[in-house]
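Colleague: Could you take me through some features of this model, giving the general idea before each case? I would like to learn how to read them with care.

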Amino acid sequence: MTTKLNNRIYWLDYAKVIGVFLMIYGHGNLCGDLRNYVYSFHMPMFFLISGMLYKPLSLRDTLRKNWMGLMVPYLLLNIICYLPQLLTMLWHGTLTFDKVYYSLGAVLLGLGYNTMGFVPISTPCWFIYTLFIAKLLMALFVKKGKYGILFLILISVIATVFLQYEQIDLLIPIDSTLLAIPFICAGYLLKGKIIPLVQGSSLLMKFISVSFLLLWLVLVPFNGKIDMNTCKTGESLFIFYITASIATFVFLKICNDLYGIFKNCRLVMGGVKLFSNSTLLYVAFNLTAIRYTKSIMEHIFQLPTEGSIVGVLIAVVVFVEHIPICMFIIRRCPILTGKRM
């Protein structure tokens, strides 16, 4: 079964969709082991996919392409998300210079969490900022060949260990970038091996997949809380990389199987492609959508807004809410998705 047509690996689109859904689900106040399972791999999977799709360019071309493809959407999406906040503060008379300074300052720094007075506008956008830095680093080392990339992985891991040991917060998400680099590099280096392994249907591959799944289920509770945004990797950085890698492989296998089931269904394939192309929009808008969805559920319908089952309902609603917005933006304002007008 081929899953690569016109240079597009279609099951990667399914992986993006699952990753986006898990991101929304994870932002819905998940707690305990279920949260740890989601966070153990959903962002690493995004970074590994980014590595698989990475195309080497010169530093200059990388900067130019990704400034338009990542940073311009990053800035514009944050501004769009900030407009309702500005209007609310104006309406209530609470708008101050400090609030604007610390919000816009957080955007310029790429912060994904509150610290030192800085309050991010759309916290999940740290992913876009991190990916931009990572691609610049890749451009510097890829030209040196395989050993250059392996060296980048090595210094990233060493730097991560040092920053965690010294409890240093760099503010600008270079620390999150260093944590993500091994996944991006692995995706780039091992793409030629990952694709046939994921698409393999032998009894051995099924056994490996089930074994990885069981190992992931065992290791996640042992390692504890994960959050790449704040560089929390649980009890062990090594176990974090292991659990993220094996879980990513398992879910890529699932995505390949889903593609095999639905590849002839134009409605499903069209929807998956739309969701995949809207990743930046989901990243930017999902927290705002979750906030308003919870408010409507709680104050209008008197429904509970906490719990794992309710979290699934909220994630589905928020996922669907984005569809008309994404369709409009892709058609009328593609610059927000990283595409040229």
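Modeller: Let us begin with Lys-16, which is found in helix 1, residues 10–26; please keep in mind that this is a predicted model.

Colleague: Which side chain of opposite charge is nearest to Lys-16, and how far away is it?

Modeller: The general idea is that side chains of opposite charge can pair when their charged atoms come close. For Lys-16 the nearest side chain of opposite charge is Asp-13, 4.5 Å away. A salt bridge requires the side-chain nitrogen and the carboxyl oxygen to be within 4 Å, and Lys-16, although buried, has no salt bridge. Leaving aside residues up to four places away in sequence, Lys-16 touches Phe-46, Ile-49, Leu-53, Ser-276 and Thr-279.

Colleague: With which residue does Asp-13 form a salt bridge?

Modeller: Asp-13 is paired with Arg-8, and the closest N and O atoms of that salt bridge are 2.7 Å apart. The accessibilities of the two partners are worth reading together: Asp-13 is buried, at a relative accessible area of 4%, whereas Arg-8 is partly exposed, at 23%.

Colleague: How many salt bridges does the structure hold?

Modeller: The structure holds 2 salt bridges. Besides the pair just described, the side chains of Asp-61 and Arg-64 meet in a salt bridge, with an N to O distance of 2.5 Å. Both Asp-61 and Arg-64 lie in helix 4, residues 59–92, and they are 3 residues apart, which is about one turn of the helix. Asp-61 counts as partly exposed at 28% relative accessibility, and Arg-64 is partly exposed as well, with a relative accessible area of 46%.

Colleague: Turning to the cysteines, how many disulfides does a search of the whole structure find?

Modeller: The general idea is to look for two cysteine sulfur atoms within 2.5 Å of one another, and a search of the whole structure finds 0 disulfides. For Cys-81, the nearest cysteine sulfur belongs to Cys-125 and is 6.3 Å away, so the 2.5 Å cut-off is not met and Cys-81 is in no disulfide. Cys-231 is likewise in no disulfide, the nearest cysteine sulfur being that of Cys-185, 16 Å away. Cys-81 counts as buried at 7% relative accessibility, and Cys-231 is also buried, at 15%.

Colleague: What is unusual to look for in the backbone, and what is the phi of Gln-167?

Modeller: One reads the sign of phi together with the residue type: Gln-167 has a positive phi of about 55 degrees although it is not a glycine. Gln-167 lies in the loop between helix 7 (146–166) and helix 8, and at 72% relative accessibility this residue counts as exposed. Gln-302 also has a positive phi, of about 50 degrees, without being a glycine. The place of Gln-302 is the loop between helix 13 (279–299) and helix 14 (308–332), where Gln-302 counts as exposed at 60% relative accessibility.

Colleague: Which residues make the nonpolar surface patch of about 380 Å²?

Modeller: That patch is made by Phe-162, Ile-168, Leu-170, Ile-172 and Ile-174. Of these, Ile-174 is in helix 8, residues 174–189, and counts as partly exposed at 37% relative accessibility.

Colleague: To finish, is Phe-249 buried or exposed?

Modeller: Phe-249, which lies in helix 11, residues 237–262, is buried, with a relative accessible area of 12%. Not counting residues up to four places away in sequence, Phe-249 touches Leu-197, Val-198, Met-205, Ile-208, Ser-209 and Phe-212.

Definitions and conventions: Residues numbered from 1 in each chain as written. Predicted model: local features only at pLDDT ≥ 70, side-chain atom pairs only at ≥ 80, totals over all residues. Heavy atoms only, no water. Buried < 20%, exposed > 50% of the residue type's maximum accessible area, 1.4 Å probe, protein only. Patch = residues over 30% accessible without salt bridge, like charges linked within 9 Å, V, L, I, M, F, W, Y side chains within 5 Å. Areas by Shrake-Rupley, 256 points an atom, 1.4 Å probe, with all protein chains shown as cover. Helix = DSSP H or I, 4+ residues; strand = E, 2+ residues; numbered from the N terminus. Lys, Arg positive; Asp, Glu negative; His and termini not counted. Contact = heavy atoms within 4.5 Å.
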